[in-house]
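Work through these exercises with the structure open beside you. Try each task before reading its solution.

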Amino acid sequence: MRLFTNKKTNVMLSKKVEEILVEQIEKEGFSSNLYLAMASWAETEGYPGIANWFYAQAEEEHGHMLKLVHYIIDRGGKAYVPAFKKPPIAWKSVTDAFQQTLAHEQTISKSINDIVGVCLGEKDYATYQWMQWYVNEQIEEESSVKAILDRLKLLGDGSLYNFDKDIMLMRSSK
C-alpha cells in the first residue's frame with residue numbers, strides 16, 4: 001500500500017529512462033492479460049489447479065505493472081498505460097502453454113536487462129538499484145516455469161490429474 005503520492009519531485013527521470021519504463025508497463029500489462037487468457041483456457045479445458053496457477057501469475061504481473069506506474073510518478077515522470085495487444089486464446093496442450101510461458105518470461109528478462117543497461121548509460125543509479133528487484137524476480141519466474149516443465153517432462157503422456165492438483169504447491173515454494 002502506498003502512503004503518499006509525490007506529484008512533484010526535484011528528481012526527474014531522463015526521457016530515455018522514462019520511455020523505457022513506460023514500455024515495460026505495457027509488457028507487464030500484456031503479461032497479466034496473457035496469463036489471464038491462459039488461466040481461462042486451462043479452466044475451460046478442465047484443469048482448475050493450472051488455471052489457479054495462471055490466475056495467480058496474472059495478478060502478480062498486474063502488481064509488477066502498478067509498481068512501475070508508481071515509481072515513474074514518484075520520480076517526477078508521467079506514467080501512462082498504453083494499449084495492450086490481444087493475447088492468444090488457446091494452446092495445443094498444457095506443456096505448450098508452459099513452454100510459451102517460459103519463452104515469454106525470457107523475453108521479459110531481456111527487456112528488464114535492457115532497462116538496466118539504459119539506466120547505467122544514463123547514470124541513473126537510483127533506478128538501476130530499484131530495477132534489481134525486477135532482475136531477481138525474473139530469475140525466480142524463469143526458474144519456477146522451468147521446474148514445471150521438468151515435471152511435465154517426467155509425466156510424459158501420463159495423467160495430468162495429480163499435476164493439476166499439486167501445481168499450486170509448486171507456486172507456494174517460490
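**Exercise 1.** Are Trp130 and Tyr134 buried or exposed? Then describe how their rings are arranged.

*Solution.* Keep in mind that this is a predicted model.
- Step 1: Trp130 and Tyr134 are both buried.
- Step 2: A pair of aromatic rings is described by the distance of the centres and the angle of the planes.
- Step 3: For Trp130 and Tyr134 the centres lie 5.4 Å apart, and the planes make an angle of 55°. Planes under 30 degrees apart would be stacked and those over 60 edge-to-face, with the rest called tilted. This aromatic pair is therefore tilted.
- Step 4: Both residues belong to helix H4 (residues 125–155). They are 4 residues apart, so about one helical turn separates them.

**Exercise 2.** How many helices and how many strands does the protein chain have? Find the pattern along the sequence too.

*Solution.*
- Step 1: The protein chain has 5 helices and 0 strands.
- Step 2: Along the sequence this reads α-α-α-α-α.
- Step 3: Now turn to burial. The protein chain has 174 residues, and 44% of them count as buried.

**Exercise 3.** At what angle do the axes of helix H1 and helix H2 cross? Work out how the two helices run relative to each other.

*Solution.*
- Step 1: Two packed helices are described by the angle between their axes and the distance between the axes.
- Step 2: H1 covers residues 15–44 and H2 covers residues 48–74. Their axes come within 8 Å and cross at roughly 165°.
- Step 3: Angles over 145 degrees count as roughly antiparallel. H1 and H2 are therefore roughly antiparallel to each other.
- Step 4: The H1 and H2 crossing is left-handed.
- Step 5: The contact of H1 with H2 involves 18 nonpolar, 8 polar and 4 charged residues.

**Exercise 4.** Repeat the analysis for H3 and H4. How close do their axes come?

*Solution.*
- Step 1: The axes of H3 and H4 come within 9 Å, crossing at roughly 165°.
- Step 2: H3 and H4 are therefore roughly antiparallel to each other.
- Step 3: Their crossing is left-handed.
- Step 4: By class, 18 nonpolar, 8 polar and 4 charged residues make up the contact of H3 with H4.

**Exercise 5.** How many aromatic pairs are there? Examine the one formed by Phe54 and Phe98.

*Solution.*
- Step 1: With ring centres within 6.5 Å as the cut-off, the count comes to 8 aromatic pairs.
- Step 2: Phe54 and Phe98 are stacked, at 4.9 Å centre to centre with 25° between the planes.
- Step 3: The pair links distant parts of the chain. Phe54 is in helix H2 and Phe98 is in helix H3 (residues 94–121), 44 residues apart.
- Step 4: Phe54 has a relative accessible area of 0%, so Phe54 is buried. Phe98 also has 0% and is buried.
- Step 5: Widen the view. Tyr35, Trp53, Phe54 and Phe98 form one aromatic cluster.

**Exercise 6.** Over which ring does the charged end of Lys67 sit? Do the same for Lys85.

*Solution.*
- Step 1: The charged end of Lys67 is over the ring of Trp133, 3.7 Å from its centre.
- Step 2: The charged end of Lys85 is over the ring of Phe30, 4.9 Å from its centre.

**Exercise 7.** Where does Glu122 lie? Compare its separation from Ser14 in sequence and in space.

*Solution.*
- Step 1: Glu122 is in the loop between H3 and H4.
- Step 2: With a relative accessible area of 31%, Glu122 is partly exposed.
- Step 3: Glu122 and Ser14 are 108 residues apart in sequence. In space they are 7.3 Å apart, C-alpha to C-alpha.

Methods:
Residues numbered from 1 in each chain as written. Predicted model: local features only at pLDDT ≥ 70, side-chain atom pairs only at ≥ 80, totals over all residues. Heavy atoms only, no water. Axes fitted to C-alpha atoms, helices over the stretch in contact; angles between N-to-C directions. Parallel < 35°, antiparallel > 145°, perpendicular 65-115°, else oblique. Left-handed = near helix turned anticlockwise from the far one by under 90°. Nonpolar A, V, L, I, M, F, W, Y, C, P; charged D, E, K, R; others polar. Phe/Tyr/Trp six-rings, centres within 6.5 Å; stacked < 30°, edge-to-face > 60°. Buried < 20%, exposed > 50% of the residue type's maximum accessible area, 1.4 Å probe, protein only. Lys NZ or Arg CZ within 6 Å of the ring centre and 35° of its normal.
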